[in-house]
Every structure is written in C-alpha cells, then in structure tokens.
Amino acid sequence: MMFLKQVLEGPEVAEDDEKVFQRQATNLSASTDNDKEQSRPPGWLSLWSLECVANFRDASGPDTLAPYRCEGGFLKQGVLFRTGHWVTATAADLHILRDTLHIKTYLDLRNGQDFESVDAECFDDYPPSPNGRHDASWPREAGERRRVSCPFSKGLQPRPLQEMAQVGEIDPDDKRAQCALWFQQQMRAAVHDLQVQLKTSMRAMLILNSDEILKAFQTLADERNYPVAFGCIAGKDRTGLLACLLHSALGVRKEDIISDYVFTNEAAHHINACNQLAVAMWFEELRIRDPRKYNLMVRRNRLPANAQQLLDSDVETPLWEDVNVVSDPDAIKRSMVHEEVLEYVLTVLEEEFGGPLSYLDSIGFSQDDLQRLRAILVEPDTSSEVGDPTNVEQPSPHRD
C-alpha cells in the first residue's frame, strides 16, 4: 500500500515498525468469503457485504425494490450512497466501491483531525489523504476519482469561555456569534447527555459551518462527480444531517427521512468495530510519526487496551467474530442514532429558517442549483400506478 510505503521510507522507521505496518496491510487487505457473510449477527447489517466499511447504503433507500418517493418521482438508484469511513476498507471492499459501484467522488464530512486524519489505502484511489501526504497543489478535477473534504464539524471543539464575548456583549442579530457561545455553554451543561450533545452539534453545524454544507451541495449538484458517496466516521450524524437536508430538498416524505436516519442502528455493532480498528490504526501511525504525542497519550491512559490485538487479529476471522472487538453497551450506544435528534433538526430548520429549502437558499444554494440536483437524482414517475418504482437496472447488493 502506498501509504505504508511512504511511512516506511521515512528516515526513522525501525525494522520492527516495518513488520507492524506489513502485518497491518495484510489484515486490511483480507477478503471475506461469501459463506461467512451470511452469518452476520444483528447489528452487523451490510447491504453490500462490505467487511470493514460500516453503514454503507444507497441514499435512495435500503430497499432496492422501493426507492424513496420524492417530488416528481423516485430517487435514482446506484448514483448516490451514504457511508461510514473508509480507512479500514479491505482490498475487497475497495474493489466494490471503486470497480463495482464506480464511485468517483468520496465526499468526506470528517474534520480531518486526530484519528479522523489517519492515512489509509483508500486515499490512493481517492486522494488527497487527510494527513497531508498528497501535494495539495494538484487536486483532481470533477470527474476523476477523488476525495472532497467538507468538514461539517470544523471548529466545534471546546474553547475557554473567557475567550468569547458574553451574552450581553453579542449583537442579538449576529446569529453566528450567538450560536458559537450557545454551543460552548450547551456542551458544558450536557457533558453527560449524549442526545443533547448531538442536538447541539447539529444546530451548530447548520449555523456555524453553512459554508461546508454549501460546498457539499455544490459538489452534489455537479453531475461530473457521480457516482458519489458521502460520509463521516460512523455515517450517522454528520452524514445523517446531509441526508436529511438532501432528502428534504428533493421532497422525500418526512417519515422516510426519519426511517433512513434510524436505519443506521441496524449496523451499530459494525460501526463500533470499524471505529475501534481505525483508532488502533491511528495510534500505530502516531507511534511512528509522533512518538512524543503517542507517549503522552499512553501516560494519560488514552491508548485503547485492545489496539495492538486488533492490528494483530487473524485475517481469516470475520470482524464480527473477532474477540478483540469490544462491544460493551456504552460503545454500542455511541454507535447508534436517536430519532429525537433528527426531529430536533427538522424543528430547527422549520422554526429558525422557514424550512429546509429556505435554509439552503439562505446559504447560497439557488433554485437553479436545486433544479440541477433534482435532474441528477430524481427519476421521473412515468408509471400509471402510484407507488410503482421505475425499473432501472442496478448492481444488486448482497443481502445478509
């Protein structure tokens, strides 16, 4: 793998480190035979039988026989996908993404910091890597395989309140400044309440990072970029926000929008396992690239106890049978979504912006942009019977 080769060619890589990276490459390139795919337990649903890419599915809906209805027809199948991260993808996974689905654009909603910056083989096919190993002066153009970064959660980290103006000092008409302070206060008050944290982050993304949301929509409105896959770490919250805005803009029914969001929970265990493996990869990369920071994390007990065991796991063992994957209730809960969070997002869009379409218009996504988006993603309903989806030939996902 190219990223392994570049790390190994660095000036201070020891022989033992080379063996670790070679072992990691072998683990991440192993494919899974079809018999094992049929034995996935609950919480490991993968509609395309991807081994180490979780929560991947068609944005038109999980049922290939019933794509979501929308304004003017149905959502097209096989052109837009939602996903968890790809950094743990095996060679077989990448073959499906690249050669079966022919995905051109990986719309990456992660912030590119800490373990969201870990390098991986997938970025050889979809550059640039978030860790900076590719020359930023030669970005690929629309129509070429590439990664487009739209960090929905950029800047949404805790900051000292003394660095920020207090409520009485902020212009009441300055929605961004008011939201920035509100975000800091809410995250402190809800330190042990995951749902409140998620709701707070969702509203903050809508207001503080509308430029990244606009960039994502502009990417989706350019037909040269298709097929497209968009996703974050788990493919649930940032990904769910974009899917909600997109489905709303296309006129998908509210119940389908919520159902699509909640469908993530069918893959909660798979999400948890892939995230644990990504964290293990990041710590190993950190150990090689930045020993000082790595040692500091170790002293602070930030290194997961199962990190090395995950990297050393038997390549013939399916991830869902790997005893090194920790599946405690708290870990699974963090890998799930909550309907109340999306209901809150829809309420914010309606009460603060006049609805999703008005929100998109307010951030600069025009009616002409919307028409281009609809032309790309909507299959006109020419059937005589309501509810009869168009019969468009698509690659068929494998059912677990």
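The exercises below work through one predicted model, from the whole chain down to single residues.

Residues are numbered from 1 along each chain as its sequence is written, and side-chain values use heavy atoms, with hydrogens and water left out. In this predicted model, local features need pLDDT of at least 70 and side-chain atom pairs count only at pLDDT 80 or more, while totals for chains, interfaces and linings use all residues.

**Exercise 1. The whole chain**

Task: State how many helices and strands the chain has, and what percentage of its residues count as buried.

Solution.
Step 1. The chain has 17 helices and 8 strands. Helices (H or I, at least four residues) and strands (E, at least two) are DSSP runs, numbered from the N terminus.
Step 2. Of the 400 residues, 52% count as buried. Buried means under 20% relative accessible area, exposed over 50%, and partly exposed in between (1.4 Å probe, protein chains only).
Step 3. The chain exposes about 18,200 Å², and carbon and sulfur atoms supply 48% of this area. Accessible areas come from the Shrake-Rupley method with a 1.4 Å probe; for residues, only the protein chains shown count as cover.
Step 4. Take the contacts between residues at least 6 apart in sequence: 75% of them join residues at least 24 apart. Contact means heavy atoms within 4.5 Å.

**Exercise 2. The sheet**

Task: Give the strand order of the open sheet of 5 strands, and name the strands that stand at its edges.

Solution.
Step 1. The order is S1-S4-S7-S5-S6, with mixed pairing. Two strands pair if DSSP finds at least two bridges between them.
Step 2. The edge strands are S1 (57-58) and S6 (146-149). Each has a single partner strand, so one side of each is left without a neighbour in the sheet.
Step 3. S4 (residues 80-83) pairs with S7 (residues 228-231) in the parallel sense over 4 bridges. Here Thr 83 stands opposite Gly 231, and Arg 82 has Phe 230 as its bridge partner.
Step 4. S5 and S7 run parallel and are joined by 4 bridges, with Thr 105 opposite Val 228.
Step 5. S5 also pairs with S6 in the parallel sense, over 4 bridges. In S6, Arg 147 is the bridge partner of Tyr 106.

**Exercise 3. The two faces of a strand**

Task: Sort the residues of S5 by the way they point, and decide whether they are buried or exposed. Then do the same for S7.

Solution.
Step 1. In a regular strand the side chains alternate between the two faces of the sheet.
Step 2. In S5 (residues 105-108), Thr 105 and Leu 107 point one way, and Tyr 106 and Asp 108 point the other way. All are buried.
Step 3. In S7, Val 228 and Phe 230 lie on one side, and Ala 229 and Gly 231 on the other. All are buried, and both faces of S7 are covered.

**Exercise 4. Two helices**

Task: Find the angle at which the axes of H9 and H17 cross, and list the residues that make the contact.

Solution.
Step 1. Two packed helices are described by the angle between their axes and the distance between the axes.
Step 2. The axes of H9 (residues 238-250) and H17 (residues 367-377) come within 10 Å and cross at roughly 95°. Axes are lines fitted to C-alpha atoms, for helices over the stretch in contact, and angles run from 0 to 180 degrees between N-to-C directions.
Step 3. H9 and H17 are therefore roughly perpendicular to each other. Angles under 35 degrees count as roughly parallel, over 145 as roughly antiparallel, 65 to 115 as roughly perpendicular and the rest as oblique.
Step 4. H9 brings Leu 246, Ala 249 and Leu 250 to the contact, and H17 brings Leu 370, Leu 373, Arg 374 and Leu 377.

**Exercise 5. Loops**

Task: Locate the cis peptide bonds before Pro 128 and Pro 227, then describe Asp 114 and Asn 301.

Solution.
Step 1. Pro 127 and Pro 128 are joined by a cis peptide bond with omega about 5°. Pro 128 is in the loop between H5 (122-125) and S6.
Step 2. Tyr 226 and Pro 227 are joined by a cis peptide bond with omega about 0°. Pro 227 is in the loop between H8 (210-220) and S7.
Step 3. Asp 114, in the loop between S5 and H5, has a positive phi near 50°. Asp 114 is partly exposed, at 44% relative accessibility.
Step 4. Asn 301, in the loop between H12 (291-299) and H13 (307-311), has a positive phi near 60°. Asn 301 is exposed, with a relative accessible area of 69%.
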